[in-house]
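Let's take a walk through a protein model together. Keep the 3D view open and turn it as you read.

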Amino acid sequence: MLVSATEMIKKAHEGHYAIGAFNINNLEWTKAILAAAEEAKSPVMLGVSEGAAKYMCGFKTVANMVKEIHDAMGITVPVALHLDHGSYEGAKAAIEAGFTSVMFDGSHYPFEENLAKSKEMIELAHSKGISIECEVGGIGGEEDGVVSNGELADPEECGTIAALGVDFLAAGIGNIHGKYPADWKGLSFERLEEIQKTTNGKPLVLHGGSGIPADQVAKAISLGVSKINVNTELQLEFAAATRKYIEAGKDNEGKGYDPRKLLKPGCDAITAKVKAMMEEFGSAGKAE
């Protein structure tokens with residue numbers, strides 16, 4: 001049974017560790033991440049962007065697929081199916097389709113509009129018993145075609161959104177999507193501390209978790225980050241392992257590539273990477 005992320009995030013915040021939110025793109029990635037969570041005995045969030053949902057034939061297909069895979073694998077750790085960077089209409093559609101957690105990203109709207117829409121979406125999500133994340137301050141890089149240079153979120157605006165009752169809050173602190181450039185200045189811990197104060201200890205979310213140095217991740221967690229999103233790092237691991245398999249010439253004895261064999265090295269690499277990151281985030285062994 002898939003669950004809301006509210007309880008797992010609350011425990012992470014109180015225990016000073018973070019839940020990994022790993023994006024899925026197909027059946028194989030779903031299996032790989034769930035296998036890692038079960039082996040690590042860690043709660044996990046499966047993130048789904050609107051673009052990935054479209055690729056997988058819609059929110060209902062994704063929800064049904066994840067539920068069936070979860071049950072078939074006999075997963076015992078808490079698992080939440082979470083919409084990542086959802087639009088106003090997308091978040092509503094994901095809720096209707098059976099997602100157990102959603103993110104409404106209104107950071108690109110003027111603040112008053114973001115506030116009004118966030119309030120509406122929080123009320124809707126909570127009426128359905130699911131968790132919700134909102135965002136203040138754009139995250140750098142590109143996500144599903146939405147480009148942002150990244151921002152340091154306004155602490156007062158964060159406090160205002162937090163007061164609406166959102167379960168966890170994404171706020172820009174210098175983080176970006178994709179690979180970090182060589183001249184990246186790092187996370188702004190000063191801004192993170194300010195945001196944690198104005199939100200009265202609300203669990204915070206760090207997007208763009210791929211490639212952030214371990215010491216910065218640890219410090220962010222100590223300052224209130226309780227959920228870390230990862231996608232790019234898994235893509236790189238998957239691509240490298242798949243490329244290595246192909247270059248080794250293992251083509252099923254000249255009969256052509258068996259897709260199940262072709263995808264296995266990449267999926268094994270994802271499982272290993274996710275387990276390692278769960279250890280880094282401190283969530284391994286936290287499932288009850």
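What follows is a tour of the core, one helix, some salt bridges and the cysteines. Keep in mind that this is a predicted model.

**The core**

A good place to start is the inside. In soluble globular proteins, nonpolar side chains tend to be buried together. Here the largest nonpolar core has 74 residues. Which of them touch the most other members? They are Phe22, Ile33, Val48, Val62, Leu81, Phe99 and Ile228. Helix H2, which covers residues 27-40, gives the largest share of this core, with seven residues. There is also a second, separate core of 13 residues, and among its members are Ala12, Met45, Phe168 and Val205.

Let's zoom in on Phe99. Leaving aside residues up to four places away in sequence, Phe99 touches Val48, Phe59, Val62, Ala63, Leu81, His82, Leu83, Ala94 and Ile130.

One name on that list, His82, deserves a click of its own. His82 sits in strand S3, residues 79-86. Is His82 buried or exposed? With a relative accessible area of 1%, His82 is buried. Again leaving out residues up to four places away in sequence, His82 touches Met45, Leu46, Gly47, Val48, Phe99, Ser101, Val102, Met103, Glu133, Phe168 and Lys227. Hold on to Glu133 and Lys227, as they come back below.

**Salt bridges**

How many salt bridges does a search of the whole structure find? The count is 10. Here are three pairs to look up:

| Pair | Closest N to O |
|---|---|
| Glu39 and Lys275 | 3.0 Å |
| Lys117 and Glu113 | 2.8 Å |
| Lys227 and Glu133 | 2.8 Å |

Take Glu39 and Lys275, whose side chains meet in a salt bridge. Glu39 is in helix H2 and Lys275 is in helix H11 (residues 259-281), so this pair ties together parts that are 236 residues apart in sequence. Lys275 counts as partly exposed, at 31% relative accessibility.

Next come the side chains of Lys227 and Glu133, which also meet in a salt bridge. Lys227 belongs to strand S10 (residues 225-230) and Glu133 to strand S5 (residues 131-136), so the pair ties together parts that are 94 residues apart in sequence. Where does this pair sit with respect to the surface? Lys227 is buried, with a relative accessible area of 0%, and Glu133 counts as buried at 0% too.

The pair Lys117 and Glu113 is a local one. They are four residues apart in helix H6 (residues 111-127), so about one helical turn separates them. Lys117 counts as buried at 18% relative accessibility, while Glu113 counts as partly exposed at 32%.

**A closer look at H6**

Since we're already there, let's stay on this helix. H6 has 17 residues and reaches 24 Å from its first C-alpha to its last, close to the 24 Å expected at 1.5 Å a residue. Its buried residues are Phe111, Asn114, Leu115, Lys117, Ser118, Met121, Ile122 and Ala125. What do they pack against? The partners are helix H5 (88-97), strand S4 (101-104), S5 and helix H7 (155-162). Just after H6, have a look at Gly129, which takes a positive phi of about 75°.

**Ala170 and its surroundings**

Now move to strand S8, residues 168-171, where you'll find Ala170. Ala170 is buried, with a relative accessible area of 0%. Its contacts, not counting residues up to four places away in sequence, are Met103, Glu133, Cys134, Glu135, Val136, Val205 and His207. So what about Glu38? Ala170 and Glu38 are 132 residues apart in sequence and 26 Å apart in space, C-alpha to C-alpha.

**Cysteines without partners**

Last stop: the sulfur atoms. A search of the whole structure finds zero disulfides. Why is there no bond for Cys57? Its closest cysteine sulfur, in Cys267, is 18 Å away, which is too far for a bond. Cys57 is exposed, with a relative accessible area of 63%.

Cys134, one of the contacts of Ala170, tells a similar story. The closest cysteine sulfur to that of Cys134 is in Cys158, 11 Å away and too far for a bond. Cys134 is buried, with a relative accessible area of 0%.

Key: Residues numbered from 1 in each chain as written. Predicted model: local features only at pLDDT ≥ 70, side-chain atom pairs only at ≥ 80, totals over all residues. Heavy atoms only, no water. Core = buried A, V, L, I, M, F, W, Y, C linked by side-chain atoms within 4.5 Å. Buried < 20%, exposed > 50% of the residue type's maximum accessible area, 1.4 Å probe, protein only. Helix = DSSP H or I, 4+ residues; strand = E, 2+ residues; numbered from the N terminus. Contact = heavy atoms within 4.5 Å. Salt bridge = Lys/Arg side-chain N within 4 Å of Asp/Glu carboxyl O. Disulfide = S-S within 2.5 Å. Expected span 1.5 Å × (residues − 1).
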